[in-house]
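Hi,

Here is the structure I promised to pass along. Have a look at it first, and then read on for what turned up.

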Amino acid sequence: MARGRFISFEGIDGAGKSTQHAWLVQYLRDRGRAVVATREPGGTPLGEKLRSLLLAEPMHLETEALLMFAARREHIAQVIEPALARGDWVICDRFVDASFAYQGGGRGLDWEKIKDLADWVLGDLEPDLTLIFDAPVAIAQQRLHASTANPDRFEQEQADFFEKVRAAYIRIARENPNRVRLIDATQTPAAINKSLENIIAIL
Ligand code: TYD
């Protein structure tokens with residue numbers, strides 16, 4: 001059985017990645033792919049409990065990073081690895097790049113510490129493709145405020161936090177040109193769908 005494909009979706013809050021995540025999952029299922037649609041933090045019963053804590057409870061930035069990776073360890077073991085081994089495609093709303101962008105870029109946690117955790121928890125695993133949805137912070141904030149009545153602990157952060165997260169994502173895209181595609185998220189949803197179709201066609 002050929003191993004499945006692993007695609008992660010990333011971007012600052014409000015960039016519109018979750019809408020595109022749902023679209024791609026349906027697009028692939030319509031074409032007969034076995035798809036596991038999942039998210040981080042979360043994706044397992046334990047991971048979803050950790051997610052509730054992460055999105056609500058104030059905590060030290062290293063605690064935040066460690067809990068993100070604890071949820072990720074469980075997710076890889078219970079969901080991602082078994083799915084890829086079965087030949088399924090795993091389409092994940094956020095993965096390890098979010099830890100570099102949010103805990104590293106946004107909160108200022110040392111990049112090397114995150115790298116150590118990533119080496120430990122991921123081993124050789126990495127997405128075959130990562131789509132980073134990029135939009136100016138002001139536009140993402142507007143979308144977020146229009147769609148979210150009760151912002152979580154991350155969504156309540158100010159523009160300067162998201163500027164740092166966005167800059168980290170752009171750095172990740174530049175440093176990983178083979179794995180990462182930066183998508184202009186200010187385009188219409190239909191134009192973005194079209195780009196995703198083209199990218200997926202050659203995966
Ligand atoms: P998000 O996908 O934005 O959830 P929703 O669209 O339902 O609001 O993810 C929740 C938050 O978790 C998001 O603000 C980014 C944050 N996050 C990190 O800070 N580090 C991580 O490693 C991950 C996976 C997420």
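Below are my notes on the ligand site and the pockets. Please keep in mind that this is a predicted model.

Let's start with the ligand. It has 18 residues around it, and the closest are Lys17, Arg94, Ser99, Gln103 and Glu155. Sorted by class, that shell comes out at nine charged, six nonpolar and three polar residues.

A few side chains are worth pulling up on your screen. Lys17 has a side-chain N or O atom 2.9 Å from an oxygen atom of the ligand. Glu155 also puts a polar side-chain atom 2.9 Å from a ligand oxygen, and for Arg72 the distance from a polar side-chain atom to an oxygen of the ligand is 3.0 Å. As for how much of the ligand is covered, on its own it has 550 Å² of accessible area, and the protein covers 88% of that.

Which elements build the shell? Those giving two or more residues are helix H1 (17-30), helix H2 (45-56), helix H3 (61-86) and helix H4 (96-106). H4 gives the most, with four residues.

Now the pockets. The ligand takes up the space of the largest pocket, which holds about 520 Å³. There are 28 residues lining this pocket, and Asp13, Lys17, Arg51, Arg94 and Glu155 are the closest to its centre. H1, H2, H3, H4 and helix H6 (137-147) each give two or more residues to the lining, and H4 gives the most here too, with four. By class, the lining has eleven charged, ten nonpolar and seven polar residues.

There is also a second largest pocket, with about 380 Å³ of space. What lies nearest its centre? Of the 17 residues lining the second largest pocket, the answer is Phe100, Lys115, Glu126, Asn176 and Arg179. The elements that supply two or more lining residues are H4, helix H5 (111-122) and helix H7 (159-175). H5 has the largest share of that lining, with five residues. The class split for the second largest pocket is eight nonpolar, seven charged and two polar residues.

If you want one element to click through, try H4: it gives residues to the ligand shell, to the lining of the largest pocket and to the lining of the second largest pocket.

Cheers

Notes:
Residues are numbered from 1 along each chain as its sequence is written. This is a predicted model: local features need pLDDT of at least 70, side-chain atom pairs count only at pLDDT 80 or more; totals for chains, interfaces and linings use all residues. Side-chain values use heavy atoms; hydrogens and water are left out. A residue is near a molecule or strand if one of its heavy atoms lies within 4 Å of it. A polar contact is a pair of N or O atoms within 3.5 Å; within protein, one must be able to donate a hydrogen and the other to accept it, and residues adjacent in sequence count only if both atoms are side-chain atoms. Accessible areas come from the Shrake-Rupley method with a 1.4 Å probe; for residues, only the protein chains shown count as cover. On a 1 Å grid over the protein atoms alone, a cavity is a set of points where a 1.4 Å probe fits but cannot get out, and a pocket is an open set with protein on both sides within 12 Å along at least five of seven lines; lining residues have an atom within 4 Å of a point. A molecule sits in a cavity or pocket if more than half of its atoms lie within 2 Å of its grid points. Ala, Val, Leu, Ile, Met, Phe, Trp, Tyr, Cys and Pro count as nonpolar, Asp, Glu, Lys and Arg as charged, and the others, Gly among them, as polar. Grid points are joined across faces, edges and corners, and a volume is the space filled by probe spheres set on the points.
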